[in-house]
Amino acid sequence: MAIIQATDTDFQEVLQNNERVVVKYYADWCGNCRLFSPKFKRMAANEEFANVAFVDVNAETSPEARKLAGVTNLPYFAVFKNGELVEGAATSKEDFVVGMVQKIQA
């Protein structure tokens, strides 16, 4: 599945239209965010996560979406289930993000 680019304008709609969502909050100046992009794309293409929506949100231009997840640092990942925040973490570790996504699949 392709990664959804979301902003404050459509973020709530993305959460409402998808039961399971993982969001990567990033900024254009963030080197670790750029380094994580290929990993995030690979995860989005993984059959194991076919029922999960992968979303990119620019933390600098979407303050409302950022507040919903309590973003503290970048890159920041948040998982939502049925529109509710389940977990969020500032990390660059792919294994940790995979673990977060697996939690919302249960």
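# A walk through the model, starting at a loop

P75 sits in the loop that runs between α3 and β4. Select it together with its neighbour before moving on: L74 and P75 are joined by a cis peptide bond, with omega at about -10°. Keep in mind while you click around that this is a predicted model.

**Next loop: N82**

Now select N82, which you'll find in the loop between β4 and β5. Check its backbone torsions: phi is near 55°, a positive value in a residue that isn't glycine. Is N82 buried or exposed? Turn on the surface and you'll see that N82 is exposed, at a relative accessible area of 55%.

**The aromatic rings**

Show the aromatic side chains next. How many aromatic pairs are there? The count is six. Pick F11 and F80 to begin with: their rings meet edge-to-face, 5.9 Å from centre to centre, with 75° between the planes. F11 belongs to helix α1 (residues 11-17) and F80 to strand β4 (residues 76-81), so this pair ties together parts of the chain that are 69 residues apart in sequence. F11 is buried, its relative accessible area being 2%, and F80 is buried at 2% too.

Then go to F49 and F54, an aromatic pair with a tilted arrangement: the centres are 6.3 Å apart and the planes make an angle of 50°. F49 is buried, with a relative accessible area of 2%, and F54 is buried at 0%. Don't stop at these two, though. Which residues do ring pairs link into a cluster here? Select F36, F40, F49, F54 and F77 together and you have it.

**K24 and its two partners**

Centre the view on K24. Look for the ring of Y26 first: K24 lies over its face, 5.7 Å from the ring centre. Now add D56 to the selection. The side chains of K24 and D56 come together in a salt bridge, 3.4 Å from N to O. K24 is part of strand β2 and D56 is part of strand β3 (residues 53-58), so the salt bridge ties together parts that are 32 residues apart in sequence. Are these two residues buried or exposed? K24 and D56 are both buried.

**More salt bridges**

In total, five salt bridges are counted in the model. For another one, select E94 and R42, whose closest N and O atoms are 3.1 Å apart. This pair links distant parts of the chain, with E94 in helix α4, R42 in helix α2, and their positions 52 residues apart. E94 is partly exposed, with a relative accessible area of 22%. R42 also counts as partly exposed, at 49%.

A third stop is the salt bridge between E64 and K67, where the closest N and O atoms are 3.2 Å apart. What separates these two residues along helix α3? They are three residues apart in that helix (residues 63-69), which puts about one helical turn between them. E64 counts as partly exposed at 47% relative accessibility, while K67 is exposed, with a relative accessible area of 59%.

**Helix α4, end to end**

Finish by going back to the helix that holds E94. Select residues 94-105 to get all of helix α4: it has 12 residues and spans 17 Å from its first C-alpha to its last, close to the 16 Å expected at 1.5 Å a residue.

Colour V97, V98, M100, V101 and I104, which are the buried residues of α4. Why do they line one face of the helix? Look down the axis of α4: the buried residues fall within an arc of 155°, so one face is what they line.

What do these buried residues pack against? Show β2 (20-26), α2 (31-45), β4 and β5 (84-90), and you'll have the elements that the buried residues of α4 pack against. You've already visited some of these elements: β2 holds K24, α2 holds R42 and β4 holds F80.

Last of all, rotate to the face of α4 that is turned away from its buried side. Which exposed residues does that face carry? Select D95 and K103, the exposed residues found there.

Definitions and conventions
Residues are numbered from 1 along each chain as its sequence is written. This is a predicted model: local features need pLDDT of at least 70, side-chain atom pairs count only at pLDDT 80 or more; totals for chains, interfaces and linings use all residues. Side-chain values use heavy atoms; hydrogens and water are left out. Rings of Phe, Tyr and Trp (its six-membered ring) pair if their centres lie within 6.5 Å; planes under 30 degrees apart count as stacked, over 60 as edge-to-face and the rest as tilted. Helices (H or I, at least four residues) and strands (E, at least two) are DSSP runs, numbered from the N terminus. Buried means under 20% relative accessible area, exposed over 50%, partly exposed in between (1.4 Å probe, protein chains only). A charge sits over a ring if NZ of Lys or CZ of Arg is within 6 Å of the ring centre and within 35 degrees of the ring normal. The expected span of a helix is 1.5 Å times one less than its number of residues. The arc is that of the directions from the helix axis to the C-beta atoms. Contact means heavy atoms within 4.5 Å. A salt bridge is a side-chain nitrogen of Lys or Arg within 4 Å of a carboxyl oxygen of Asp or Glu.
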